[in-house]
Amino acid sequence: PNKNTILYLDANNMFHRAYHAASVNNGNPIHYFLNMVYALKMSVKHLYAFAIFDGENSRKSREEIYPEYKQNRTELKDKDGNTIDLKPIMKMSEEILEHLGFNVYSSHNIEGDDVIGILARKSLDKGLNVVVVSSDKDYKQLCQYSPYLNIYNTQHKIITHQGNFEEKNGIPCQYYVDYLSLIGDTSDGIDGVSKVGKVIAQKWINAIGGIKEIKE
């Protein structure tokens, strides 16, 4: 309340959601993307709006830490087995965002969600209410930093923040990174602890604490 809101859109996330929805329904991905972005602009009152894309060679900074990062992902192929080039329609999506009043940004060698994480924390330090728009669960770790940080999953119409975090995720928000580390992330090619799934991870965290305490 009584705070100006800054909106950070995970543009790659929304673009790929639009692309896959269009593919399933044999539709136009740009049409789907336009509808998604316009609905977002109309539903969230904000003073500033940023759309962040992955930069060129965006995996580089993470692969330097963990070479196996996303190595399990394959390129998109058409029905004839040819690689699909998304750059032209990605460029069109950037133009749509600019026309709808978003500041569009990307940074070389850095994924968009890392950029959003940095900018979101800086915005919180300036006293702004922050809304991050993405269906990527990893953003939930940002909730630990402020009660004015909101993660909006437009796909499922769910808003996550400190006030409802434990109810929705089964653990306190300050342990979310520990939780993800325990269970791993198959979509990113990251292994968790052997035989530890969501239920066991939640049980350990609630009974013992974070990874440091669990190891001890």
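These questions and answers concern salt bridges in a predicted model.

Me: How many salt bridges are there by the rule used here?
Reply: The count comes to three.

Me: What makes the contact between Asp185 and Lys137 a salt bridge?
Reply: The N to O distance between their side chains is 3.0 Å. The rule asks for a Lys or Arg nitrogen within 4 Å of a carboxyl oxygen of Asp or Glu, so the pair qualifies. This pair links distant parts of the chain, with the two positions 48 residues apart. Asp185 is in the loop between helix H7 and helix H8, and Lys137 is in the loop between strand E4 and strand E5.

Me: Why is Asp185 called buried?
Reply: Its relative accessible area is 11%. Buried means under 20%, so the word applies to Asp185.

Me: Why is Lys137 called partly exposed?
Reply: Lys137 has a relative accessible area of 32%. Partly exposed lies between the cut-offs of 20% and 50%, so Lys137 belongs there.

Me: How do you know that Glu216 and Lys212 form a salt bridge?
Reply: Their side chains meet at 3.0 Å, N to O. The limit is 4 Å, so this pair is counted.

Me: What makes Glu216 and Lys212 exposed?
Reply: Glu216 has 71% relative accessibility, and Lys212 has 55%. Exposed means over 50%, so both residues carry that label.

Me: Where do Lys91 and Glu94 sit relative to each other?
Reply: Both are in helix H4, three residues apart, which means a separation of about one helical turn. Lys91 forms a salt bridge with Glu94, with the closest N and O atoms 4.0 Å apart.

Definitions and conventions: Residues numbered from 1 in each chain as written. Predicted model: local features only at pLDDT ≥ 70, side-chain atom pairs only at ≥ 80, totals over all residues. Heavy atoms only, no water. Helix = DSSP H or I, 4+ residues; strand = E, 2+ residues; numbered from the N terminus. Buried < 20%, exposed > 50% of the residue type's maximum accessible area, 1.4 Å probe, protein only.
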